[in-house]
Amino acid sequence: MTEILRAERLRKSYDGFLAVDGVSFSVRAGELKALIGPNGAGKSTCFNMLTGQLKPTAGEVYLRGTRITGKPPREIWRMGVGRTFQITGTYRSMSVIENVQMALISHHRRLFSFGLRAWKLYREEALEFLRTVSLEDQADRPCSVLAYGDLKRLELAIALCHRPRLLLMDEPTAGMAPSARIELMQLVADIVRDQGLSVLFTEHDMDVVFAHAHHIMVLNRGKLIADGTAEEVRSDPKVQEVYLGGGTLFKEAGRA
Ligand SMILES: Nc1ncnc2c1ncn2[C@@H]1O[C@H](COP(=O)(O)OP(=O)(O)OP(=O)(O)O)[C@@H](O)[C@H]1O
């Protein structure tokens, strides 16, 4: 499989505190990969260095062989690294399809067309994205009345509008009921399979991780201690040492 993203010896220090300490990994085309680890392990810091929100103290990030280390977030986004964002504020008062149309208007760099006519733009294309996440029957409802799980599907559709090669999802199922979590990640897995995009996600629910991720990376205190299949990671002595001591991850990992 082709390599989409490669991180080499990434390091981030906050006033001398090493939050990420020499982390190297890659994400391949069509791969659904999880980044797990206890609270404070450095997952968000890692994500933010991949998307340009944080500049690494050292190390490099390559996207399809091109060095993107320290580039501005918008440039990295334009190059194909997407991220899901929560729908907040005024966007909630807009309809489901209008939110997708907004994303398409931005993707096609047509924000200057924004106005009364804007809602005629990209309606068919927007419906297609809503179909992908099974939300087409909710197209004209305001976002504010959507069930939480549907809002998450909409956030996914909006991220897909920019046609990312790699999509980063930070705790995509946080706040959802267990059955809805599995359903949402099944949808993500289907999209990965059908569209060949790559997804890297962080997640605290080990049932979700072990049910869907093709490969799992484990961070602990800023260091990558494992990177492999579910079986490899589950049986890795270093992972067991970190997790078998108790706490939420360990029990759930055992159940998965
Ligand atoms: N802006 C910052 N300034 C100083 N320390 C920070 C900053 N951001 C994060 N840290 C510290 O860096 C470490 C890694 O934090 P990070 O948020 O990346 O971990 P995480 O694995 O995403 O945690 P969680 O699962 O709780 O979201 C933590 O000890 C955190 O307190």
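Strands here are DSSP runs of E of at least two residues, numbered from the N terminus. With that fixed, I started on the predicted model.

**Entry 1: Arg-9 and Asp-15**

I looked up Arg-9 first and found it in strand S1, which covers residues 3-14. Its phi caught my eye: the angle is near 45°, a positive value in a residue other than glycine. Is Arg-9 buried or exposed? I count Arg-9 as exposed, because it has 12 C-beta neighbours inside 10 Å and the cut-off for exposed is 12 or fewer.

Asp-15 was next on my list. Asp-15 sits in the loop between S1 and S2. Phi of Asp-15 is also a positive value, near 45°, and Asp-15 is not a glycine. I put Asp-15 down as exposed because just 4 C-beta neighbours fall inside 10 Å.

**Entry 2: around the ligand**

Which residues surround the ligand? I noted Tyr-14, Phe-17, Ala-19, Gly-37, Asn-39, Gly-40, Ala-41, Gly-42, Lys-43, Ser-44 and Thr-45. Two elements give two or more residues to this shell: strand S2 (17-28) and helix H1 (43-51). H1 gives the most, with three residues. Sorting the shell by class, I got six polar residues, four nonpolar and one charged.

**Entry 3: Gly-42**

I picked Gly-42 out of the shell around the ligand for a closer look. Gly-42 lies in the loop that runs between strand S3 (32-36) and H1. Is Gly-42 buried or exposed? Gly-42 is buried, because 23 other C-beta atoms lie within 10 Å and 20 are enough for that label. Leaving out residues up to four places away in sequence, I find Gly-42 touching Ala-19, Val-20, Leu-219 and Gly-222. Of these, Ala-19 also appears in the ligand shell.

I also took one distance from here to Arg-153. The C-alpha atoms of Gly-42 and Arg-153 are 26 Å apart, with their positions 111 residues apart along the chain.

**Entry 4: helix H5**

Arg-153 led me to H5, as Arg-153 is among the buried residues of that helix. H5 covers residues 148-160. How far apart are the end C-alpha atoms of H5? They are 19 Å apart; at 1.5 Å a residue the 13 residues should span 18 Å, so the two values agree.

The buried residues of H5 are Lys-152, Arg-153, Leu-154, Leu-156, Ala-157, Ile-158, Ala-159 and Leu-160. I then asked what they pack against. My list reads strand S6 (81-83), helix H3 (96-107), helix H4 (123-132), strand S7 (166-170) and H6.

**Entry 5: two domains**

The chain is divided into domain 1 (1-80 + 166-251) and domain 2 (91-163). I get 27 Å between the centres of the two domains, taken over C-alpha atoms. The contact takes 10 residues from domain 1 and nine residues from domain 2. Which element gives the largest share of the side of domain 1 that touches domain 2? I found H6 there, with five residues. That side of domain 1 has nine nonpolar residues, one polar and no charged ones.

**Entry 6: Asp-194**

Staying with H6, I looked up Asp-194, which is found in that helix (residues 178-195). Asp-194 is exposed, because it has 9 other C-beta atoms within 10 Å. I also checked Asp-194 against Gly-30, 164 residues away along the chain, and their C-alpha atoms are separated by 9.0 Å.

**Entry 7: whole chain and confidence**

The chain has 10 helices and 10 strands. Buried residues make up 38% of its 256 residues. Looking at contacts with a separation of 6 or more, I see that 65% are between residues 24 or more positions apart.

On confidence, I noted an average pLDDT of 89 for the chain, with 89% of the residues scoring at least 70. The model scores ipTM 0.97 and pTM 0.90. Which element has the lowest mean pLDDT? That is helix H10 (residues 248-255) at 41, while strand S4 (residues 58-63) has the highest at 98. Over residues 246-256 the pLDDT is below 50, although this stretch has 20 contacts in the model beyond near neighbours in sequence. Where pLDDT is low, the predicted coordinates should not be read in detail, so I stopped there.

Conventions
Residues numbered from 1 in each chain as written. Predicted model: local features only at pLDDT ≥ 70, side-chain atom pairs only at ≥ 80, totals over all residues. Helix = DSSP H or I, 4+ residues; strand = E, 2+ residues; numbered from the N terminus. Near = placed C-beta within 6 Å. Nonpolar A, V, L, I, M, F, W, Y, C, P; charged D, E, K, R; others polar. Expected span 1.5 Å × (residues − 1). Contact = placed C-beta atoms within 7 Å. pLDDT = per-residue confidence, 0-100. Domains from an automatic or database assignment.
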